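Work through the exercises below with the sequence and the model at hand. Each task is followed by a solution in steps.

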Amino acid sequence: MKIIAIFLLACSLNAWPFSHLLAQKRPNILIIMADDMGYSDMGSFGGEIATPNLDRLAEEGIKFTQFYNAARCCPTRASLLTGLYPHQAGIGGMTNDRGLPAYRGDLSNQCVTIAEVLKNSGYQTFMSGKWHVTKHVDIWRTWLTEDQKIRTSKHNWPLQRGFDTFFGTIHGAGSYYNPATLTKNNTPIDAGEDFYYTDAISEHASELIRKLGKGDRDEKPFFGYIAYTAPHWPLHALTADIEKYKGKYDRGWDKIREERKARMEAMGLIHPEWKLSVRDPNNLSWEETGDKAWWAACMEVYAAMVDRMDQGIGSIIQALEETGQLDNTLIFFLQDNGACHEVLTDNWPRSLHFPAFQRDGSPLLRGNDVTVMPGPESTYMSYSSEWANASNTPFRLYKHYIHEGGISTPLIAYWPEGIQQASRISGQLGHITDIMPTIVEVAGASYPEEYKGEKIKPMEGQSLVPVFRNQTFDHHAIGWEHEGNRGFRDGKWKLVATNRPGAEWELYNIEADRTELQDLAKVQPKITAAMVRKYTEWANRVGVVDWGNR
């Protein structure tokens, strides 16, 4: 009888809900997000850029190799914050209003953010960095012309969506030296002298962690959302960081892609049978390319931006260590989309991205000019598809698109007290909507059916807690749509199409061919037809509109 009792007790403990195990000491939670960073840029994912702090989190946590975002900054951030598909959260496109529920460019009232859920569960909440999930901005800078100064609603700003404190930008991309929409809490502020946005994001987060760490952490744990703009264009980096990469990219993008793929195979991140995708057919080989010094400098500055972000993440880790909080802090690191192929020109249409002048009133050079080196405040440049192709090694295409180069993010999960058998790689299929249910579970929080008088849409994702226990699970099918680019993943099969004129559905067996080189749409017409039906059902359910080929 005693043996039976012990056996039954053991079974009951194994079946005990995970949230009960955490009831006595809920973890702090940090989400750290990079902007427009490629799949293989980090050292722990095959890159040559120095990222020792991220590599530490990766090597002591879990590296998810098959995790997906929503292809672009605004949709991914909306999906991350709400646990819904971006269309359900009102941001199926960017923050421009197309007059349809799924494309209002503003967080819906029928969703809740992670901050709102955790704040109602007793968490302290803060945000540092890029918001970019509302069409409502407040632009009031001395360097703006009168017609650029905007006053508007703040109902969807961070403090109105669950965060106790906020420092960062409401809008998306911009200068690292003098960003538009820089805000503290609800008040627009100006950048001071010697301002560099990546450092400011890191410093603000570190200060808050030290401050919040002085309280009763068992009673009031904290949730922090740290959203860098690095390494999104413009190519702005500090001289000391750029110097570290001088000459590192003189061998060009073709060689970098080959070297990265070899390292990724050796590290067990990708399968050797997945062939390297061909260089973008619109790009020249490195040997055929002119102005090599300028092109190499673009990647040097990009690498310096990633390096500086990693240094800041190191300061955040140090703040956790100094306050004795690191071991019971769940840290997620991920990227909002794949590397960016956009080419900046002097007539770029979105004026909020660009100050009219530098801080000292001197002119600003907009666009990629091979006679001027990137990096300082006086320039506004991008590294274009040539280097974005290398950043996304070994995958095809870029941000915007639903091919693997656009939607694959190397997710890191780090939590010494909560992850069993850490220091491992997981091929578990996952999606950005999975972050909300994971956090709700580990925090012992409650996801509401109603909030502030509104009926709330149920979460779409699946908790990653089984992976923390060194288990796997069958992930349900996943859908995507962004500006007419669309796709659907169900098991090993992936259906995908671009919004280019005349583009047809493509079908890939991702288990055998994740670099999407063997289109099976015509070879497997029944599977293709079934996948199209599934995509259509999903698209209709979440509010996708067929915008046609554009």
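**Exercise 1. Disulfides**

Task: Determine how many disulfides this predicted model contains, and check Cys 111 and Cys 340.

Solution:
- The criterion is a pair of cysteine sulfur atoms within 2.5 Å. By this rule the count is zero.
- For Cys 111, the nearest cysteine sulfur belongs to Cys 74 and is 14 Å away, so the 2.5 Å criterion is not met.
- For Cys 340, the nearest cysteine sulfur is that of Cys 73, at 8.8 Å. Cys 340 is in no disulfide either.
- Buried means under 20% relative accessible area. Cys 111 has 1% and is buried; Cys 340, at 5%, also counts as buried.

**Exercise 2. A four-stranded sheet**

Task: Give the strand order of the open sheet that contains E16, E17, E18 and E19, and describe what packs on this sheet.

Solution:
- The order is E16-E17-E18-E19, and the pairing is antiparallel.
- Strand E16 (478–482) and strand E19 (506–509) pair on one side only, which makes them the edge strands.
- Neighbouring strands are turned by 15 degrees against each other on average, direction ignored.
- Between strand E17 (residues 485–490) and strand E18 (residues 493–497) there are five bridges in the antiparallel sense. In one of these strands, E18, Val 496 is the bridge partner of Gly 487.
- Helix H14 (residues 525–542) packs on the sheet and touches E16, E17, E18 and E19. The direction of H14 makes about 110 degrees with that of E17.

**Exercise 3. Surroundings of Thr 169**

Task: Decide whether Thr 169 is buried or exposed, and find the side chain with which its own side chain makes a polar contact.

Solution:
- Thr 169 lies in strand E4 (residues 165–169).
- Its relative accessibility is 1%; the limit for buried is under 20%, so Thr 169 counts as buried.
- The side chain of Thr 169 makes a polar contact with the side chain of Tyr 197, at 2.8 Å.
- Beyond four places in sequence, Thr 169 touches residues including Gly 129, Lys 130, Trp 131, His 132, Pro 179 and Leu 182.

**Exercise 4. Surroundings of Ile 331**

Task: Locate Ile 331 among the strands, and list residues in contact with Ile 331 that are not within four places in sequence.

Solution:
- Ile 331 belongs to strand E8 (residues 329–335).
- With a relative accessible area of 2%, Ile 331 is buried.
- Outside the four-place window, the contacts of Ile 331 are Leu 30, Ile 32, Leu 57, Leu 320, Leu 326, Ile 412, Ala 413 and Tyr 414.
- Ser 362 is 31 residues from Ile 331 in sequence, and the C-alpha to C-alpha separation in space is 41 Å.

Conventions: Residues are numbered from 1 along each chain as its sequence is written. This is a predicted model: local features need pLDDT of at least 70, side-chain atom pairs count only at pLDDT 80 or more; totals for chains, interfaces and linings use all residues. Side-chain values use heavy atoms; hydrogens and water are left out. Two strands pair if DSSP finds at least two bridges between them. Helices (H or I, at least four residues) and strands (E, at least two) are DSSP runs, numbered from the N terminus. Axes are lines fitted to C-alpha atoms, for helices over the stretch in contact, and angles run from 0 to 180 degrees between N-to-C directions. Contact means heavy atoms within 4.5 Å. Buried means under 20% relative accessible area, exposed over 50%, partly exposed in between (1.4 Å probe, protein chains only). A polar contact is a pair of N or O atoms within 3.5 Å; within protein, one must be able to donate a hydrogen and the other to accept it, and residues adjacent in sequence count only if both atoms are side-chain atoms.
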